[in-house]
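Visitor: I am new to this structure and should like to understand the terms used to describe it. Would you kindly take me through them?

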Amino acid sequence: MFDRYFSIVSGFVSLHKRAIITAIVTLVILACSGVVFIKYDNNIELMLPRDKDIALSMRFLRQSHFSDKAIVSLGLNSEAHTTSDLILAADKFCAELKSPLITKVTLGISGDNPQEQIIDFLKFAPQLITPVELIKSDNQLNAQGVNAALKSNYHKLLTPGGTFMMPFIRLDPLGIKTGILRNLSKISNALGYNIIVEDGHFLSPDKRHTLLIINTNIPLTDGFGARKLVNFLQEKIKSLPVFVSGYIIAGHMHAVSNEDIIKKDIQRTVTIAIIAFLIVFLATFKDLRALIFLIIPLGAVAIAMNFSAFVFGKLSYFIVGLGAVIIGVADDYGIHAYVAVHTKGRRDAVGEIAKPLVIAALTTISVFATFFFSSVKGYHQLALFAITSIILCLLFVLLIFPHFLKEHQKPDKRLDSNIKVQRLISDKACIWLWVLAMVILIGFSLKTKFNSDISQFDGSKKEIISVEEEFKETYGRQEQPAILVVSVKGKENALERNEEIYLKAVSLVGEKEYSTFTSLWPSLKRRKANVLFWEKFWRGERQDKLELLLSRYSARYNFSSEAFAPFFANLYTGMKIEEGPDNLELFQNIKERFIQEDEGSWQVFSFFPDKDEFINPLIKLSKDNPGVFIVSRKAFSKAVSNSITREILSLSFIAGILVLILTVALLKDIKLTLISLLSVASAIIAILGTFAIFRIPINAAAVIASMMVVGLCIDYGVFMLYSFRHKLNTGTVKAIWVSALTTLIGAFSLLFAKHPILFSIGLTLVAGLFSGYISSQTVIPALYRIFVKEKG
């Protein structure tokens, strides 16, 4: 049936070959021109599974204020210049940052000095101090307690920092507001920077560096906008005085760098692959018509790229980076057709291999088709891109390509070598050597590790990474903290909910390293309760008693009678609930980091160390409380790992079933099917062993590439066994050799890629395809001869 239908279609194409070839050439030319206009995307989300936890983290990072900021750090190069020179240069630099790309630049804390802003914030103590804290301070409202407090204050004023502490002591002689200062310090350091403020500027501890926080309206996913922003800032940095250097810390730097590296990788790998293809084709076949091998897959890939871009709108750079590999896969069919025609000397020889070619293509297509069952959008692009390329290439080869080949009377005996495979050793020795090699590789593969770290998708230049390390050292930056996010509709509802979660969280992990906004500025409900208790606590005898005790013991420690007048003058000033510290820039900077509005909901953040002892109990807490989730690098990596593992298992099962069904359909023999699967087993074991030998952890991209290897390697075994069983003299051995070589060239070119993901895909394909090919040419023929009882 297959042969009959193939003959009908082939005959139709033969009758209308000029019109069909003209139409195809026109389509290919248009497709090649259209490649220039395709929009590309380096968004990492395209390569991540669809998972609730992953989606929440990515959405948070995409929409939060953390992603719309860039930092510029300026530093002194010369010992001859001072901090004042640096501040002047920073002010001038800031004044020149006029661009629609930049919405705000923060140099530090402007207006009043930070000390005065802190003092102003302490005046809101009636709203901030809880009844429990006030009751504890009641123990100090006696002669002994006041005397001890004044004595302690006296000794503090004798220290080098005494001048700085004087205003705070006058405002709070008993240290009742110490908790507010402690919370303020804790929450200010929540993001891990060690920064001092001088003359309204953020400075490093050595006062040799200052940083500017730049707000931008350019999201990280806007590659064009990110490049404009980076170029603008770099141009401004070049105009700095010679004694000042500067660098940029921003996610936009990574976005631009990744795009540049992937573009160069694509150009490099495709160029290497095309040159290598030409050399192989011309050296092997010594026929200029062999160049059509290259033109056919290139045309098919160009059409497939345009079609995929039309369907998805944009194409991922990671997917386009596999173009060289797809070309290497797609040209296999042309090689088989060319070898068959030259071996037989007749164009109709293509009909003899049409069925195995179609089945082989279907097995490869079935593997790519399983990617449509994945939740990873990038895999959908890969599936459509690869399947379209393979189908087009197969149709071109079977129906168009033979018309470019000449028939001749004398078949090429050099290519007729599919049955008489040369044996240097006996079949049993060959099998035992293969078993030994597999056992050794299995031993290594037991040490293989899986890398789920999201940073592996970042191929940024080393200069960017080294600058970030320098930034950490300069400003005492610790590891990126994890974030617990409480998301509720209504600002006050979010604050109240955060207070509830805070109590549960600190009961699990303690409060020492857990920082949240409501510990500094509580919800309206709690502040009202605090104010009522504060007034009840101080009105009457406690205030009079404290005034009397302070006047009695002040002179003993050289305090004047008016020394603590600010305390009593401000005792009730911060009690108006409708009034808050929003006019204080210090408070606004903190508030901006800890609370934000997100599409009608309000999110309150809490920061804590990204360590297992914190992550594990807080993840459980978030699962038990709706509207609460964790944003953590470790938790994210774990979620990605778990999700990918589930996906790979399901996709591998589907692909395995499809490949098995198609292989049985072609070979019609269970024994032959099992033998053909040895090339797949060899490839998988070789991949695991190779990664372990080079001590490179396997990642998600390598696992997906392994599935591609399965679809390709099964073809090698199936073609060998099909030609043996049907005694086809169509040069199968040489066709497989050249096919495997060209596919390996496409994969090998990825080893020259600078991006770690593309490199890991290249290593996977090279190891797997090489092992699969060797086993198909040695072990599979040996097993066939032994178990099928045929010779030759």
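The conversation below takes up several terms and the residues to which they apply.

Guide: This is a predicted model, in which local features need pLDDT of at least 70 and side-chain atom pairs count only at pLDDT 80 or more, while totals for chains, interfaces and linings use all residues. Residues are numbered from 1 along each chain as its sequence is written, and side-chain values use heavy atoms, with hydrogens and water left out.

Visitor: Why is isoleucine 693 called partly exposed?

Guide: Buried means under 20% relative accessible area, exposed means over 50%, and partly exposed lies in between, with a 1.4 Å probe and protein chains only. Isoleucine 693 has a relative accessible area of 42%, and therefore counts as partly exposed. Its place is in helix 29 (residues 678-693); helices are DSSP runs of H or I with at least four residues, and strands are runs of E with at least two, numbered from the N terminus.

Visitor: What makes asparagine 558 exposed?

Guide: Its relative accessibility is 64%, which is over 50%, so asparagine 558 counts as exposed. Asparagine 558 is found in the loop between helix 23 (541-553) and helix 24 (565-569). It also has a positive phi of about 65° although it is not a glycine.

Visitor: Why is a positive phi worth remarking upon?

Guide: Because most residues other than glycine have a negative phi. Lysine 207 also has a positive phi, of about 60°, and is not a glycine. This lysine 207 lies in the loop between strand 5 (201-203) and strand 6 (209-216).

Visitor: How do you know whether lysine 207 is buried, partly exposed or exposed?

Guide: Its relative accessibility is 31%, between the two cut-offs, so lysine 207 is partly exposed.

Visitor: What makes a set of residues a nonpolar core?

Guide: The members are buried Ala, Val, Leu, Ile, Met, Phe, Trp, Tyr and Cys residues joined through side-chain atoms within 4.5 Å. The largest nonpolar core has 144 residues, and Phe368, Leu398 and Ile761 are among those with the most contacts inside it. Helix 30 (residues 700-726) gives the most to this core, with 19 residues. Apart from it lies another core of 65 residues, including Leu128 and Phe517.

Visitor: Which residues does leucine 398 touch?

Guide: Contact means heavy atoms within 4.5 Å. Not counting residues up to four places away in sequence, leucine 398 touches Phe6, Val350, Ala354, Leu357 and Val358.
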